[in-house]
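Take a moment to look over the model shown here, and turn it around if you can. Then read on for a short tour of its charged and nonpolar parts.

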Amino acid sequence: MKKILMMTAAAGLLMAADPAGTMKQAVELGYMGSTGNTDSQSVNALYRNDYQYDSATDMHLKADLLYGEKSGETSDERYRLFTSMNHYYDEDLFAYAEASALRNTFEGYNQQYNLGAGLGYNIFKDPKQSLKGKAGLQYRRSNFTDEPHDNFYYAKAGLDYLYNFSETNQFTAQWNVLDNLKRVKDYETVVDLGLKMLIVDQLSFRLGFELKYDNVPPVGKKKTDTTTTAGIVYNF
């Protein structure tokens, strides 16, 4: 995990130091708490960096954390890091490379690392909405909490959808599925929905919902996980 964080930080510094490209950043913070009959609190935070190196190449970095506590005990704790690069060969066809890291002991992972690459295509794109498809291969190393570590190779496919209600309000939907190349029944699918609405100037309110289904989860864990977040986003 430390190596991934150091590599990502270095990539971020290189992006910031290069004046040739265009960078957009965003920070999201959210908090929910209750007292009385129930005593619980949860915090979510996210940092996003989108860097347009030139007309053909763009890079993206996303880091988020989720922490929950109920009656004085940790009930949820997740750390994720994701970085990717896209290079376009024409207006629609592009190649991508990506890397990610995860720590979530509640899902059964001390650490999980992913490396992937493939091709993508803009199925349609206009000022109002866009749909992008991707397909490729992914390597995953999982260090489980209650099992020996293991390495997996997956086929990956996904769709990214964007709809602009207006210049300031938008809806996003992402769907990804992974299928183990050796065991077909070992597949995982993730749906991520987001609604972002401008409050004033650079501040926005964002609602997010994530559904993850793992058909062969770590030993003793459930197949389905859902996460709902709400937060204030600062764009700069």
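## A tour of the strands

Let's begin inside strand β10 (residues 187-200), where D192 is found. This model is predicted, and in it D192 is buried yet has no salt bridge. How far away is the nearest side chain of opposite charge? That side chain belongs to K62, and the distance is 4.2 Å. A salt bridge needs a side-chain nitrogen of Lys or Arg within 4 Å of a carboxyl oxygen of Asp or Glu, so the pair is not counted as one. Leaving aside residues up to four places away in sequence, D192 touches K62, T172, A173, Q174, F209 and E210.

Now step back to the whole protein. It has one helix and 12 strands, and along the sequence the helix comes ahead of the strands. Buried residues make up 34% of the 236 residues. Among contacts with a separation of 6 or more, 47% join residues 24 or more positions apart.

Some links across the sequence are salt bridges, and the structure holds eight of them. Here are three, with the distance between N and O atoms:

| Acidic residue | Basic residue | N to O distance |
|---|---|---|
| E210 | R78 | 3.5 Å |
| E98 | K156 | 2.5 Å |
| E188 | R140 | 3.1 Å |

E210 lies in strand β11 (residues 203-214) and R78 in strand β4 (residues 73-88), so this salt bridge ties together parts that are 132 residues apart in sequence. Both E210 and R78 are buried.

The salt bridge of E98 and K156 links strand β5 (residues 93-104) with strand β8 (residues 150-164), and the two residues are 58 residues apart. E98 and K156 are buried as well.

E188 and R140 form a salt bridge too; E188 sits in strand β10 and R140 in strand β7 (residues 129-144), so parts 48 residues apart in sequence are tied together. E188 is buried at a relative accessible area of 9%, and R140 counts as buried at 5%. Salt bridges with shared partners also join D64, R78, R80 and E210 into one network.

What lies on the outside? A nonpolar patch on the surface is formed by Y89, L93, L119, Y121, I123, F124, L159 and W175, with about 760 Å² of accessible area together. Strand β6 (residues 109-125) gives the largest share, four residues. L119 lies in this strand and is partly exposed, with a relative accessible area of 49%.

Finally, a word on confidence. The mean pLDDT is 90, but pLDDT stays under 50 over residues 1-10. Where pLDDT is low, the predicted coordinates should not be read in detail.

Key. Residues are numbered from 1 along each chain as its sequence is written. This is a predicted model: local features need pLDDT of at least 70, side-chain atom pairs count only at pLDDT 80 or more; totals for chains, interfaces and linings use all residues. Side-chain values use heavy atoms; hydrogens and water are left out. Patches are made of residues with over 30% relative accessible area and no salt bridge: like charges are joined within 9 Å, nonpolar side chains (Val, Leu, Ile, Met, Phe, Trp, Tyr) within 5 Å. Accessible areas come from the Shrake-Rupley method with a 1.4 Å probe; for residues, only the protein chains shown count as cover. Buried means under 20% relative accessible area, exposed over 50%, partly exposed in between (1.4 Å probe, protein chains only). Lys and Arg count as positive and Asp and Glu as negative; His and the chain ends are not counted. Contact means heavy atoms within 4.5 Å. pLDDT is the predictor's confidence in each residue, from 0 to 100.
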